[in-house]
Amino acid sequence: MSLRVPRPLADILPSAVPDLRDRLVEERIRRAWSEIVGPDVARRSRPLRLAHGCLEVAVDNSPWLSELTLRASELAARVAARFEGVRSLRFVLAPLPPGERPARA
């Protein structure tokens, strides 16, 4: 009789619930967002969802939307360096969720 080594639940759940894999990556990206893009960009933007390798990011005003759209390839490379499932970024004008704005430095 062979004994099986216990596996962490985080390793099993994504195979049992396929959509969960992207949701776990989304949450990790949200937690690391400020570190990845810097405090100025993080103050004005928030990752929303990841679908088919494209990370949709809310931006709270038009000037920042333009700025981040111009910097999309640079920012996508930063995110992809830490999260292999991300291939591109898509910025959308949207209010940031209340209570999630980082404090001003």
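In what order do the elements of the protein run from the N terminus on? In this predicted model, the order is α-α-α-β-β-α-α-β, and the secondary structure comes to 5 helices and 3 strands.

Some overall values help to set the scene before turning to a single region. Of the 105 residues in the protein, 34% are buried, while the protein exposes about 7200 Å², with 55% of that area supplied by carbon and sulfur atoms. If one takes the contacts between residues at least 6 apart in sequence, 59% of these contacts join residues that are at least 24 apart.

The region to follow in detail is the hairpin of E1 and E2. Strand E1, which covers residues 45–51, pairs with strand E2, which covers residues 54–59, in the antiparallel sense and over 6 bridges; within this pairing, Arg 49 stands opposite Glu 56 in E2. The hairpin has 2 residues between the strands, and His 52 takes a positive phi near 55° there.

Gly 53 also has its place in the loop between E1 and E2, which raises the matter of its surroundings. Is Gly 53 buried or exposed? With a relative accessible area of 7%, Gly 53 counts as buried, because the cut-off for that class is under 20%. Leaving aside residues up to four places away in sequence, Gly 53 touches Gly 85, Val 86, Arg 87 and Ser 88. As a further reference point for this loop residue, the C-alpha atoms of Gly 53 and Ala 80 are separated by 9.6 Å, although the two residues lie 27 residues apart along the chain.

Note on methods. Residues are numbered from 1 along each chain as its sequence is written. This is a predicted model: local features need pLDDT of at least 70, side-chain atom pairs count only at pLDDT 80 or more; totals for chains, interfaces and linings use all residues. Side-chain values use heavy atoms; hydrogens and water are left out. Helices (H or I, at least four residues) and strands (E, at least two) are DSSP runs, numbered from the N terminus. Buried means under 20% relative accessible area, exposed over 50%, partly exposed in between (1.4 Å probe, protein chains only). Contact means heavy atoms within 4.5 Å. Accessible areas come from the Shrake-Rupley method with a 1.4 Å probe; for residues, only the protein chains shown count as cover. Two strands pair if DSSP finds at least two bridges between them.
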